[in-house]
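Student: Hi! Could you walk me through this structure? I'm new to this, so plain words please.

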There are 2 protein chains.
Amino acid sequence: MAVEKFERALTEAFEKQVYGETPAELYEPIHYIMSLGGKRIRPLLTLMSAGLFRENWQNALPPAMAVEVFHNFTLMHDDIMDQAPLRRGKATVHTRWDTNRAILSGDVMLVAAYELLGRIEERYLKTALLRFNRTAAEVCEGQQLDMLFAEKQVVRKEDYLEMIRLKTSVLVGFAMELGGIAAGADPTTCRALYSIGENLGLGFQQTDDILDVYADPEVFGKQVGGDIIENKKTWLLLRAVEKSEGTAFEVELSGWLSAADMEAKVKGVRGIYDALDIRTEATALAEACFQRAEEELAALAVPRPEQKEYLQTLIHQIRTRKK
Amino acid sequence: MAVEKFERALTEAFEKQVYGETPAELYEPIHYIMSLGGKRIRPLLTLMSAGLFRENWQNALPPAMAVEVFHNFTLMHDDIMDQAPLRRGKATVHTRWDTNRAILSGDVMLVAAYELLGRIEERYLKTALLRFNRTAAEVCEGQQLDMLFAEKQVVRKEDYLEMIRLKTSVLVGFAMELGGIAAGADPTTCRALYSIGENLGLGFQQTDDILDVYADPEVFGKQVGGDIIENKKTWLLLRAVEKSEGTAFEVELSGWLSAADMEAKVKGVRGIYDALDIRTEATALAEACFQRAEEELAALAVPRPEQKEYLQTLIHQIRTRKK
């Protein structure tokens, strides 16, 4: 398949990557979390975006890896904060080792991301660093909002979307922008790449939230209904609360939110979503994001337009994914 | 006093520094830990080192601040890992708020350090970033070794010195080197600055360990004997274990290490140190480091040698400090 050459290049580069030697206790968790796999969408976006401007997209490998290492650093620390036992079906770092190990290995992983970023061509370093810093801070802001929202009684849908924009989309946007930066694209084009990625990221996260409720358990690879079980204030729940106000569903929904039988709760909340057409609305929202991303990509003037095909394929995969 | 102009410049710059706006919950702990004060030795070293090459040492303010912000980031995360309730007499971040806050605010603080570093003149950015990354990774390695040593039965004195070199000295070395980099000093001179700082950092930490046992409680500002209470394997303890082998002190020392009465334990271990002349040896070791730093500084060829005076004053202050 067409995108395989990018995937292969990344796999090889990550296999060769040495994060540090001693003490092994510090670096082992990095190799562990990086080996759990994942779809590596972000670095693929960086490489494919670079390919729109230069034949030699391989040049963008180190910055692409920086984005993926940074992403995995956030997972390592988020898993501590969320007390998550599992990540991609395996024990999280703080569970397999301990919290201190996950804090410190995460810290050195963030440094490793900067080290990889620093391998970008020197003339692009200042811009790349500036944008990386801003993005990294925004991802932290998103995680802080996520934790704050978990404690709040009332969250507005717009605030939820802003939270996922910060926590997820800005990094997807930056991944694409960085491909442009590393390949010498002009600032306006880089901003356009960012916007494509940002829309893609919003669609991605919205799809994630939908799959969390509706995925086929055989295919999904993690527990379906996790968000419902923990009363996660996703767009779906917030919209359901809104639409149920003053209807018979209002009491039913609030009853389910404090229910003890989790299996019944998942079914019950899903039933309300269905009755209120929440899935349709959420899907329309995600589709609108994907469509904007595709339109912006189609409209983008680049020196190697035939290379858009790879990005289009990847966006299509993200758009239609079942897990 | 002579060094005041540097201190004032730093104070003003830190007062003006904005780390981020929203969510306030994320940025509040940064302002809190940065306001706890501390001696700000590292950024002073950066500014003074820059002043050896250029009249306009103010140019080095953002990178100098990067070093101090990085240092405080390590304190925020180390305090979680060490479960420390107090820092400079005030509640640590994870105690005042919670662990999640300290993890995430620390993360964004590390990003803020890179942001400040990124404000160095562009032609020096690549070198500065490369060296900062290496230093930051080494500081994490030092903290990991520190935690590993706490669990080990036997630690060699050389390994302890290597641990404090990584955990403390490399950042002091880098602080001086960075002043040189920011002021356009050549690579050989930058390496010499690093070596001065590294020796100064070793002397600094060794003095810290001595003060922890012998400081005047009225002046020290924190609990004297803390290292003894927690059986911290400092050079002093390791040397005492070594020297007491096969003597009457061997049994006495090992008895104190498991004693329950902490006041008696501190007195008892200190008594053994005195009897074995440990303080004298430790002081000689620290003095040798300070002397190397001073000699290397004296021998350093710089365009503005009269500016060495500030560094000499600061080194003297560090050398003779009582707290």
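**Talking through the model**

Tutor: Happy to. In chain A, 73% of the contacts with a separation of 6 or more are between residues 24 or more positions apart. Keep in mind that this is a predicted model.

Student: Okay! What is chain A built from, how many helices and strands?

Tutor: Chain A has 16 helices and two strands. Its radius of gyration is 20 Å, close to the 20 Å that the globule rule gives for 323 residues, so chain A is as compact as a globular protein of that length.

Student: And what box do its C-alpha atoms fill?

Tutor: Taken along the principal axes, roughly 60 × 50 × 35 Å. As for burial, 48% of the 323 residues of chain A count as buried.

Student: Switching topic: how are chain A and chain B related?

Tutor: Two copies of a chain are related by a rotation about an axis and a shift along it. Here, a turn of 180° with a shift of 0.0 Å along the axis lays chain A on chain B, with an RMSD of 0.0 Å. That is the relation of a two-fold axis.

Student: Nice. How many residues does each chain bring to the contact?

Tutor: There are 33 residues from chain A and 33 residues from chain B. On the side of chain A that touches chain B, α2 (24-35), α4 (61-81), α6 (99-117) and α7 (122-151) of chain A each supply at least two residues. The one that gives the most is α7(A), with 15 residues.

Student: What kinds of residues are on that side of chain A?

Tutor: They divide into 19 nonpolar, eight polar and six charged.

Student: Why do you say the copies meet through the same surface?

Tutor: Because 100% of the interface residues of chain A are also interface residues in chain B.

Student: Let's go back to α4(A). Is that helix buried or exposed?

Tutor: Count its residues: 19 of the 21 are buried, so α4(A) is largely enclosed by the rest of the structure. Its length makes a neat check too. At 1.5 Å a residue, the 21 residues of α4(A) should span 30 Å, and the end C-alpha atoms are 30 Å apart, which agrees.

Student: What comes just after α4(A)?

Tutor: Just after that helix, Q83(A) takes a positive phi of about 50°. Most residues other than glycine have a negative phi, and most peptide bonds are trans. Over in chain B, Q83(B) also has a positive phi, near 50°. Q83(B) lies in the loop between α4 and β1 (86-87) of chain B, and it is exposed, with 11 other C-beta atoms within 10 Å.

Student: Which residue in the loop between α2 and α3 of chain B should I look at?

Tutor: Try R40(B), which is found there. Its phi is near 50°, a positive value in a residue other than glycine. R40(B) counts as partly exposed, with 19 other C-beta atoms within 10 Å; the cut-off for buried is 20 or more.

Student: You mentioned trans peptide bonds. Where is there a cis one in chain A?

Tutor: Look at the bond from T22(A) to P23(A), which is cis with omega near -10°. P23(A) sits in the loop between α1 (4-16) and α2 of chain A. In chain B, the bond from T22(B) to P23(B) is cis as well, with omega near -5°.

Student: Okay, how about helix α3 of chain B, how many of its residues are buried?

Tutor: Eleven of eleven, in a helix that runs over residues 41-51. Among the buried ones are I41(B), L44(B) and M48(B).

Student: What covers them?

Tutor: The cover includes α1 (4-16), α4 (61-81), α8 (157-182), α9 (187-214) and α16 (308-319) of chain B.

Student: Last topic! What's in the largest nonpolar core?

Tutor: In soluble globular proteins, nonpolar side chains tend to be buried together. The largest nonpolar core here has 200 residues, and those with the most contacts inside it are A113(A) and A113(B).

Student: So which residues does A113(B) touch?

Tutor: Leaving aside residues up to four places away in sequence, A113(B) touches A66(B), V69(B), F70(B) and F73(B).

How values were computed:
Residues numbered from 1 in each chain as written. Chains lettered and ligands numbered in written order. Predicted model: local features only at pLDDT ≥ 70, side-chain atom pairs only at ≥ 80, totals over all residues. Least-squares fit on C-alpha atoms with pLDDT ≥ 70 in both. Contact = placed C-beta atoms within 7 Å. Helix = DSSP H or I, 4+ residues; strand = E, 2+ residues; numbered from the N terminus. Nonpolar A, V, L, I, M, F, W, Y, C, P; charged D, E, K, R; others polar. Rg over C-alpha atoms; globule rule 2.2 N^0.38 Å. Buried ≥ 20, exposed ≤ 12 C-beta atoms within 10 Å, placed from the backbone. Core = buried A, V, L, I, M, F, W, Y, C linked by C-beta atoms within 7 Å. Expected span 1.5 Å × (residues − 1).
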